[in-house]
2 protein chains.
Amino acid sequence: MKRHFDADLEDLRGRLLRMGGLCEEMIHAAVKLVVERDEAHLTAVEDWERQVNRLHLEIDDVCLKLIALHQPAAGDLRLIAAALKINSDLERVGDQAVNIAETGVFLCKEPHIKLGDIPRMVEVAAGMLKDALDSFSRGDVELAREVIRRDDEEDRLKSQTFNELVHLMQRDASAIQRGMDVILIARNLERIADHATNIAEDVIFMVLGKDIRHPAEQRASEGPTATA
Amino acid sequence: MKRHFDADLEDLRGRLLRMGGLCEEMIHAAVKLVVERDEAHLTAVEDWERQVNRLHLEIDDVCLKLIALHQPAAGDLRLIAAALKINSDLERVGDQAVNIAETGVFLCKEPHIKLGDIPRMVEVAAGMLKDALDSFSRGDVELAREVIRRDDEEDRLKSQTFNELVHLMQRDASAIQRGMDVILIARNLERIADHATNIAEDVIFMVLGKDIRHPAEQRASEGPTATA
């Protein structure tokens, strides 16, 4: 029974990593569409989205079945709880990638516009997601902490892009609609980095049984914090 | 033991509803700040955010303890799984309200600008959240379905606001920065409506054991869909 359960947990982990890999592909293809101004990438993004959505349903279902059948405690339970949350975050990463691709399709039909720090933002966001998933796969708390630290860099790049585009729009009213679109893409990438941060926080909780979110409220909280 | 468990579930439900009520207050205060151009509301929003964050930590902890101690199955397990997800969504609703208030503080210092359909968007988003929480409290599937239907209205209002502001910015370059801010507030409200939709979907799953997300993938999925 125990060995069967371990195999089930391994299978769960595998599905999440597969879903995460698809999300990474989606991000890269969506931004490629924007940068190369090539609508052809949309089909791939949409195909991957369907696979991500299917995994989203399956993983939730697997998690509840594992709890109901095996009544896990301590670390196993924290793994399943983390899986439930990471599953939600990944599905939303997929949504953000679709948004980027859809905005990109609109931009392809318009004159060229500066993309600010978008290329660097993709590198940071996709890198954070990749490392958050690696930290989950290996239970690597140090890597998870590093992912969380990198979120500030993404916020800085977003503000920079935001300012650059606003200046451009102020000089050239014909660029307003397109400038807005680039800003929205920057926001999508920032949100992907936020989801990667959430995943990293879940990994730390999963490994240490310690909730590191909301540090100020953590100290003030009446209740206990860990289910160790 | 069973009666004790029922009391614990009731307590969990109560905490979530309290958290939801705080989020509703946050939304109304944040938008009041924007509409009345009165920074004084920021303190209240920040106070409530701390309470919401505290509940966020507590509720996750309570859910894991309930699973570990009582090994729930079927409906009880679905309730706890729904609580875990609704907890995440509510915390993010709180974040969106804080974003609105912070953008509002910036807008207060600038000349007045048109707010498009923002007042109507608040009504719709806050109404959806309230009804999603009521549907959770009463296990009311019909109300949950109605919440999901209303999300289209919010999307329509957001697009309308977006277009109105872009036109304004095209006519008046001095309004670009402020126009951008109003558009970002509209996005925050749209996201609050999305979270309300997520909550309504969780309620339907909780009550019926039926996952209604991603209907296209639902049919194509290899796996079973319900843990009934």
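1. Symmetry first. In this predicted model, chain A lands on chain B after a rotation of 180 degrees with 0.0 Å of shift along the axis, at an RMSD of 0.0 Å. The two copies are thus related as by a two-fold rotation axis. If you want to find that axis from chain A, look for Gln71(A): its C-alpha is the nearest one in the chain, 2.8 Å away. Both copies use the same surface, with 100% of the contact residues of chain A recurring in chain B.

2. Now the interface itself. Here 37 residues of chain A are in contact with 37 residues of chain B. On the chain A side, helices H2 (41–70), H3 (74–108), H5 (141–171), H6 (176–208) and H7 (215–220) each put in at least two residues. H2(A) gives the most, with 11 residues. By class, that side of chain A has 16 nonpolar, 12 polar and 9 charged residues.

3. On to H3 of chain B, residues 74–108. This helix has 35 residues and reaches 51 Å from first C-alpha to last, close to the 51 Å expected at 1.5 Å a residue. Of its 35 residues, 25 are buried, so H3(B) is largely enclosed by the rest of the structure.

4. H4 of chain B (residues 118–138) is worth a look too. Its 21 residues should span 30 Å at 1.5 Å a residue, and its end C-alpha atoms are indeed 30 Å apart. The buried residues of H4(B) include Ile118(B), Met121(B), Val122(B), Leu129(B), Ser135(B) and Phe136(B). Just after this helix, Gly139(B) takes a positive phi of about 60 degrees.

Notes
Residues are numbered from 1 along each chain as its sequence is written. Chains are lettered from A and ligands numbered from 1 in the order in which they are written. This is a predicted model: local features need pLDDT of at least 70, side-chain atom pairs count only at pLDDT 80 or more; totals for chains, interfaces and linings use all residues. Two residues are in contact if their C-beta atoms, placed from the backbone, lie within 7 Å. Helices (H or I, at least four residues) and strands (E, at least two) are DSSP runs, numbered from the N terminus. Ala, Val, Leu, Ile, Met, Phe, Trp, Tyr, Cys and Pro count as nonpolar, Asp, Glu, Lys and Arg as charged, and the others, Gly among them, as polar. The expected span of a helix is 1.5 Å times one less than its number of residues. A residue is buried if 20 or more other C-beta atoms lie within 10 Å of its own, exposed if 12 or fewer, and partly exposed in between; C-beta atoms are placed from the backbone. Copies are superposed by least squares on the C-alpha atoms of residues with pLDDT of at least 70 in both.
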